[in-house]
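Please open the structure in a viewer and keep the selection panel at hand. The tour below proceeds by selection, with a short account of what is found at each stop.

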Amino acid sequence: MRLRFILIFGNKLIHSYNHDFNYHPNLQHRTIHSTIYSDDWLVNKKNTYNNIRNGRKNWSRLCGNGNATSHGSLWGGKKTGLSPVNGLIQQPKLFNKYYISFFGINILSVNMWGKLYRKFSLNAANIQPTGITTGEDLAFNLQLFPYLSKIYILKECGYNYRFGGMTTRYNTCLLPDLKKLYYIKKALIDKYQYHKASDYIRIELKNVLKSDICQMIAFKVRSPKEIKNRISEELKDPIYKDIMQVQNHPAFLEDPFIKAIAAYDSNMRYDLCKKQVKKEIPIRLLKKIISFILIHI
């Protein structure tokens, strides 16, 4: 993982560019570290440092869950990613109320950007590699979060990042990676008895499967017959039996796509996804046109 570091050392905010995350020579000597990807930037380095310094009294075993603004979308605009929650959050409220963010309920950011981490917490969590390339930020923070005693969220937006690029071609890693992530989440739900998240990861699993089928259709990676055959083979995986175990959302089980899964009807699943893809064609075409214009002006 090639990253750009921002380091807090003494009374200085230091940028160290293009070091490898796993082998940074001085990382073991730093109290706090964070990641900044190569096309991201801080809004104001001095102000950001002052805000961090002023909040450090709250930073015991802390993960700083920062605010950020997204730039560089296909629309050429920007999207504010300010957290709906600010200030200090401590245990047990931190875990009981906000761990759900990693299971499909968007309350706190699950990404790596905009965060500062205490090395003490990273050592305590002993985070293990997952081998996934889609959802890797979430997988990292998912393992770390239960080991935090508190977090502090700055009100100010001090971090900018660029997003986009995930919808220009078929993502072969999406389904296999997020199936692995499903099992990681399921194991942690059992470990921490966090069963209120169970329905949400099952709903996510359905959405991931549907998204994968829609991508295959939209990008024409196979013929309709081949896609249907692949859907049939994929549904043999026992993981999809979990989708039918959603308990607290009765309307979910009435979804035609869910009924198609229950009936093992690959034709119906394909037709439902194709219908959705057709509805999205004008939006995708417009995005391509705007993207082309922005790149060539």
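Which residue follows α5, and what is the sign of its phi? Select Gln 193: this residue comes after α5 and has a positive phi, near 55°. The model is a predicted one, and every value quoted here is computed from it.

**Stop 1: helix α5**

Next, select residues 174-192, which form helix α5. The end C-alpha atoms of α5 are 27 Å apart, in agreement with the 27 Å that its 19 residues should span at 1.5 Å a residue. Colour the buried positions of α5: Leu 174, Leu 175, Asp 177, Lys 179, Leu 181, Tyr 182, Lys 185, Leu 188 and Ile 189. Display α4 (136-144), α6 and α7 as well, since the buried residues of α5 pack against these helices.

**Stop 2: Lys 179 and its partners**

Remain on α5 and show the side chains of Lys 179 and Asp 237, which form a salt bridge with an N to O distance of 2.8 Å. Lys 179 belongs to α5, whereas Asp 237 sits in the loop between α7 (224-234) and α8 (256-262), so this pair ties together parts 58 residues apart in sequence. Is Lys 179 buried or exposed? Its relative accessible area is 14%, and Lys 179 is therefore buried. Asp 237, at 23% relative accessibility, is partly exposed.

**Stop 3: helix α6**

Select residues 198-218, the 21 residues of helix α6. From first C-alpha to last, α6 reaches 30 Å, close to the 30 Å expected at 1.5 Å a residue. Of these 21 residues, 16 are buried, so α6 is largely enclosed by the rest of the structure. Just after α6, inspect Lys 220, where phi is positive at about 50°.

Within this helix, centre on Lys 206 and add Asp 255: the two form a salt bridge whose closest N and O atoms are 3.2 Å apart. Lys 206 lies in α6 and Asp 255 in the loop between α7 and α8, so that the pair links distant parts of the chain, 49 residues apart. Both Asp 255 and Lys 206 are buried.

**Stop 4: a further salt bridge**

Move to Glu 254 and Lys 259, whose side chains meet in a salt bridge of 3.2 Å, N to O. Lys 259 is partly exposed, with a relative accessible area of 43%, while Glu 254 counts as exposed at 51%. To complete the view of these contacts, select Lys 179, Glu 234 and Asp 237 together, which salt bridges with shared partners join into one network. How many salt bridges are counted? The count is eight.

**Stop 5: the nonpolar core**

Select Tyr 99, Phe 102, Phe 103, Leu 142, Phe 145, Ile 213 and Tyr 240, which touch the most other members of the largest nonpolar core, a set of 56 residues. Helix α6 gives the most to this core, with nine residues. Then isolate Ile 213: leaving aside residues up to four places away in sequence, Ile 213 touches Ile 231, Phe 257 and Cys 273.

**Stop 6: a nonpolar surface patch**

Finally, turn to the surface and select Leu 285, Ile 289 and Ile 293, which make a nonpolar patch of about 270 Å². Ile 289 is part of helix α9 (residues 266-296). This residue, Ile 289, is partly exposed, with a relative accessible area of 43%.

Conventions. Residues numbered from 1 in each chain as written. Predicted model: local features only at pLDDT ≥ 70, side-chain atom pairs only at ≥ 80, totals over all residues. Heavy atoms only, no water. Helix = DSSP H or I, 4+ residues; strand = E, 2+ residues; numbered from the N terminus. Expected span 1.5 Å × (residues − 1). Buried < 20%, exposed > 50% of the residue type's maximum accessible area, 1.4 Å probe, protein only. Salt bridge = Lys/Arg side-chain N within 4 Å of Asp/Glu carboxyl O. Patch = residues over 30% accessible without salt bridge, like charges linked within 9 Å, V, L, I, M, F, W, Y side chains within 5 Å. Areas by Shrake-Rupley, 256 points an atom, 1.4 Å probe, with all protein chains shown as cover. Contact = heavy atoms within 4.5 Å. Core = buried A, V, L, I, M, F, W, Y, C linked by side-chain atoms within 4.5 Å.
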